[in-house]
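Subject: Structure handover

Hello,

Here is the structure I promised to pass on. Please open it next to this email and follow along.

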Amino acid sequence: MTRSDIRVACIQTTSGVEIGENIHTVSALITEAAERGAEFIATPEMTALLDIRPGKTRTKALPEEKDAALKAFRDLAKTLEVWLLIGSHAVRLPTDERLANRSFLISPDGDIIARYDKMHMFDVEVGDGQSYRESKAYCPGGEAVLARTPLAIIGLTICYDLRFPHLFRTLAQAGAEIITCPSAFTRVTGKAHWHSLLRARAIETGAFVMAPAQGGVHEDGRETFGHSLIISPWGEIIVEAEGDAPGVIWADIDLDAVKSARSRIPALSLDVDYELHIAGD
């Protein structure tokens, strides 16, 4: 049975290439969010290590059971007694040379309740002088993930997944009240599409959307957009981080707003396969 009113928070940071430094910085922000009363705290994509230089992340990635960052965040969730989403972390796989870009939902007991591997790989050229070929380094996940917790029913996505509305619809139809979208949007794509896409996904699903983001100029040369957001089921921006600076945003949300939005526009109840007619040649 989920509760109606909860305080949630998003962490915004500028992760670098040193895991220890990132753990220290993000842990301080998570602690600040907890001190402000947040019960569910979400961090961005690649929380503990952001390094897009060829091969660099693989040299530092470890299997889950040996990963110091994951252990540190599990211990912190237990100490603070909060639900914690580590937006994503690079994890070495036993059966693939590539890594997993994996999101972890951690309980107040420090247990991993859900894992989600990013499904859609960021293989694009966005015009910022860099070419992104995520599929060379990361193995895509194969299934959507929903977690039923005492706080809320939470659907998990990561960054580029935002451009695939059917994933969000699947999570919402399965009952998701909050959908998380931890990200490291480039400055170019963020400026063009970040707000529009996130608001659209919230409106389409009638769910709260939490989007903790990386922001600023990173040590590997990448520039990310920041502007972490918490959005209502009606598509309203409840709170937004100022620019790309590290920090914490939080909001008190009422999960009854999910039922209200879905009853006003019951689009999720319809799932129609359309016949396509193509005119002309």
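Is R36 buried, partly exposed or exposed? R36 is partly exposed, with a relative accessible area of 38%. Keep in mind that this is a predicted model.

**Salt bridges**

R36 has a partner. Its side chain meets that of E32 in a salt bridge, at 3.4 Å from N to O. E32 is partly exposed as well, with a relative accessible area of 28%.

How many salt bridges does the structure hold? The count is 14. Another of them links D96 and R98. Their closest N and O atoms are 3.3 Å apart. D96 is partly exposed at 23% relative accessibility. The cut-off for buried is under 20%, so at 23% D96 does not count as buried. R98 is partly exposed too, at 26%.

Now look at R187 and D244. They form a salt bridge, and the closest N and O atoms are 3.2 Å apart. R187 lies in helix α6, residues 187-205. D244 sits in the loop between β15 (237-240) and β16 (247-254). The pair therefore ties together parts that are 57 residues apart in sequence. R187 is partly exposed, with a relative accessible area of 32%. D244 is also partly exposed, at 26%.

Some salt bridges share partners. They join E64, R102, R115 and D117 into one network.

**The sheet**

Next, find the open sheet of six strands. The order is β5-β4-β3-β2-β1-β16, and the pairing is mixed. Which strands stand at the edges? They are β5 (112-117) and β16. Each has a single partner strand, so one side of each is left without a neighbour in the sheet. Neighbouring strands are turned by 25 degrees against each other on average, with direction ignored.

Zoom in on β3 (residues 83-92) and β4 (residues 99-106). These two strands run antiparallel, and seven bridges join them. To see how they line up, start at L85: this residue stands opposite L105 in β4.

Two helices are worth finding here. Helix α1 (residues 19-35) packs on the sheet. It touches β1 (5-12), β2 (40-42), β3 and β16. The direction of α1 makes about 155 degrees with that of β1. Helix α3 (residues 68-80) lies across β3, β4 and β5. It runs at about 10 degrees to β4.

**A buried loop residue**

Where is A152? A152 is in the loop between β8 (145-148) and β9 (153-156). Its relative accessibility is 0%, so A152 counts as buried. Compare its position with that of G175. The two are 23 residues apart along the chain, and their C-alpha atoms are separated by 9.8 Å.

**The cavity**

Last, look inside. The structure holds one cavity of 30 Å³ or more. How much space lies in the largest cavity? It is about 50 Å³. Nine names to select, then: F122, C159, Y160, R163, A184, F185, T186, T189 and R222 line the largest cavity. You have already met the helix that begins at residue 187, α6.

Best wishes

Notes:
Residues are numbered from 1 along each chain as its sequence is written. This is a predicted model: local features need pLDDT of at least 70, side-chain atom pairs count only at pLDDT 80 or more; totals for chains, interfaces and linings use all residues. Side-chain values use heavy atoms; hydrogens and water are left out. A salt bridge is a side-chain nitrogen of Lys or Arg within 4 Å of a carboxyl oxygen of Asp or Glu. Buried means under 20% relative accessible area, exposed over 50%, partly exposed in between (1.4 Å probe, protein chains only). Helices (H or I, at least four residues) and strands (E, at least two) are DSSP runs, numbered from the N terminus. Two strands pair if DSSP finds at least two bridges between them. Axes are lines fitted to C-alpha atoms, for helices over the stretch in contact, and angles run from 0 to 180 degrees between N-to-C directions. Contact means heavy atoms within 4.5 Å. On a 1 Å grid over the protein atoms alone, a cavity is a set of points where a 1.4 Å probe fits but cannot get out, and a pocket is an open set with protein on both sides within 12 Å along at least five of seven lines; lining residues have an atom within 4 Å of a point. Grid points are joined across faces, edges and corners, and a volume is the space filled by probe spheres set on the points.
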